[in-house]
Amino acid sequence: MKQIKMDYGRNGLIVDLPDETDVFLVRETPAIADETAAIKNALRQPIGQPPLRELVKKGTKVVIVHTDITRATPNGRLLPVILNELENSGVKREDITLLNALGTHRPQTQQEIRQMLGQEIVEDYRCLQHDAYDSDRLVTFKKNHLGRPVQLNRHLLEADLKILTGFIEPHFFAGFSGGPKAVLPGVAGAESVFANHSPAMIAHPQADFLITDGNPIWEEMKSVALKIPSTFLVNVTLNRTNRITRVFAGDLSAAHKAGCEFVQTTSFFTITKPYDIVITSNSGYPLDQNLYQCVKGMAAAKRAVLKGGAILLVAACEEGLPAHGDYARMLREASSPQAILDRLAQPGVTGQDTWQVQVQAQVQTHADVFVYSDGLSDEQIKAAMLQPCRNIPATLECLIKQYGKRVCALPQGPLTILGTEN
């Protein structure tokens, strides 16, 4: 047996795996020694756009969009550099608004906001949280390329300059995170998010990891974000210890494309054929806070496992299923994964969390899914139509007997994407 550290919760989880297990980790990229200098340099020498300091002056109203607590973006290290650059360029603090891009996620507590941004930012700046359900905070922007109107946050659209921050990683139906996702779904109205994440869009064959061109979900996100005037992107890539490895700033399309190309070189692996069993994580905290988020880890494993094989997910889920949203309810009320797919295939069906339930059902109609989690009871796991595991070595021994001996591990979960040779 060999010991492998899986990204699990806040501290990781050591598991014993068969010696023959193939292990896939993101190709190591050295962390930037001086993150502040690297961020500042990216702001001053951006891709495809003038330096940030040339885009602002005294009186410029700026909104900085940042990711919420379910994302690993190092907001507390990234945002102070941006704020300092703005103020040194003449922008007053009272003209700067930080906007938490919650999409349809729950709002953060004040303690969580301080944890994300740092006490000094919370005390010194206007910090707002997007509410996708509050019509008073939304403005019908423009029709997208599909001809339907899109609602966006009022504060974003009223700003003279919109700075979109985030980090880039593979995304299970948008191709990559970062970039235009800061706008849609980040600060969009609920109905606009539901339309973008509709069952028909999720079911599209191009709605998958690492695919942007031809991916209808991505195409809409990009088309909406590009219609917004005066945007400036600041995205980063991260290593396993959450240190910054690259900074991509400037033009929304050009900077994000450069970041995606870099992530593809570090995250994608070609395999000769799928495995009988795939052990995956959801990249640890904050990405495995609840089972809802962990569908991403399941989706990454689906790409690597044989039809009829088995997936073993290890995820802390300290927030449970969670209790908020419709994810747990929809799973609890369904009779089977196939029944979920059949229901969502009906015309006009959409709503909160349908996308996550749909992707999970796609995974479960492909392979059996087992879950090891300290944050979930056996009853909760079963209610989500998954199979509980309390002893990883014992479960693996049984799975190998039932499904086969070819095993692979994805310790970083959806940060490592596997694909078979064509």
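This is a short talk on a few places in the structure above: a sheet, a pair of helices and two residues.

Hi everyone. Before we start, please keep in mind that this is a predicted model.

Let's begin with the sheet. Which strands does it hold, and in what order? There are six, running 3-19-15-16-17-18, and they make an open sheet with parallel pairing. At the edges you'll find strand 3 (22-23) and strand 18 (387-388), each of which pairs on one side only.

Now zoom in on one pair within that sheet. Strand 16, residues 305-314, runs parallel to strand 17, residues 368-372, and five bridges link the two. If you'd like a spot to look for on screen, find A310, which stands opposite D368 in strand 17.

There is also a helix to notice here. Helix 10, residues 295-302, lies across strand 15 (275-281), strand 16, strand 17 and strand 19 (407-410). Relative to strand 16, helix 10 runs at about 145 degrees.

Next, two helices that meet. The axes of helix 8 (residues 216-227) and helix 9 (residues 252-267) come within 11 Å, crossing at roughly 145 degrees. Who makes the contact? On the helix 8 side we have W218, K222, A225 and L226, and on the helix 9 side L252, S253 and H256. Sorted by character, the residues of this contact are four nonpolar, two polar and one charged.

Hold on to H256, as our next residue, N235, touches H256 as well. N235 sits in strand 12, residues 231-238. Is N235 buried or exposed? Its relative accessibility is 0%, so N235 counts as buried. Its contacts further along the sequence include L164, F167, I168, V247 and F248. Another of them is G179, and here the side chain of N235 reaches the backbone nitrogen of G179 at 2.8 Å. For a feel of how the chain folds back, take S177: N235 and S177 are 58 residues apart in sequence, yet their C-alpha atoms are 9.7 Å apart in space.

Last stop: T70. You'll find T70 in the loop between strand 4 (62-67) and helix 2 (75-88). Although T70 is in a loop, T70 counts as buried because its relative accessibility is 10%, and the cut-off for buried is under 20%. What does the T70 side chain do? It makes a polar contact of 2.6 Å with the side chain of D68, and another, at 2.8 Å, with the side chain of R71. Beyond its sequence neighbours, T70 is in contact with H105, P286, L287, Q289 and Q293.

That's the tour. Thanks for listening!

Conventions:
Residues numbered from 1 in each chain as written. Predicted model: local features only at pLDDT ≥ 70, side-chain atom pairs only at ≥ 80, totals over all residues. Heavy atoms only, no water. Helix = DSSP H or I, 4+ residues; strand = E, 2+ residues; numbered from the N terminus. Buried < 20%, exposed > 50% of the residue type's maximum accessible area, 1.4 Å probe, protein only. Contact = heavy atoms within 4.5 Å. Polar contact = N/O pair within 3.5 Å; in protein donor to acceptor, adjacent residues only side chain to side chain. Axes fitted to C-alpha atoms, helices over the stretch in contact; angles between N-to-C directions. Nonpolar A, V, L, I, M, F, W, Y, C, P; charged D, E, K, R; others polar. Pairing = 2+ DSSP bridges. Lists of a residue's contacts leave out its neighbours within four places in sequence.
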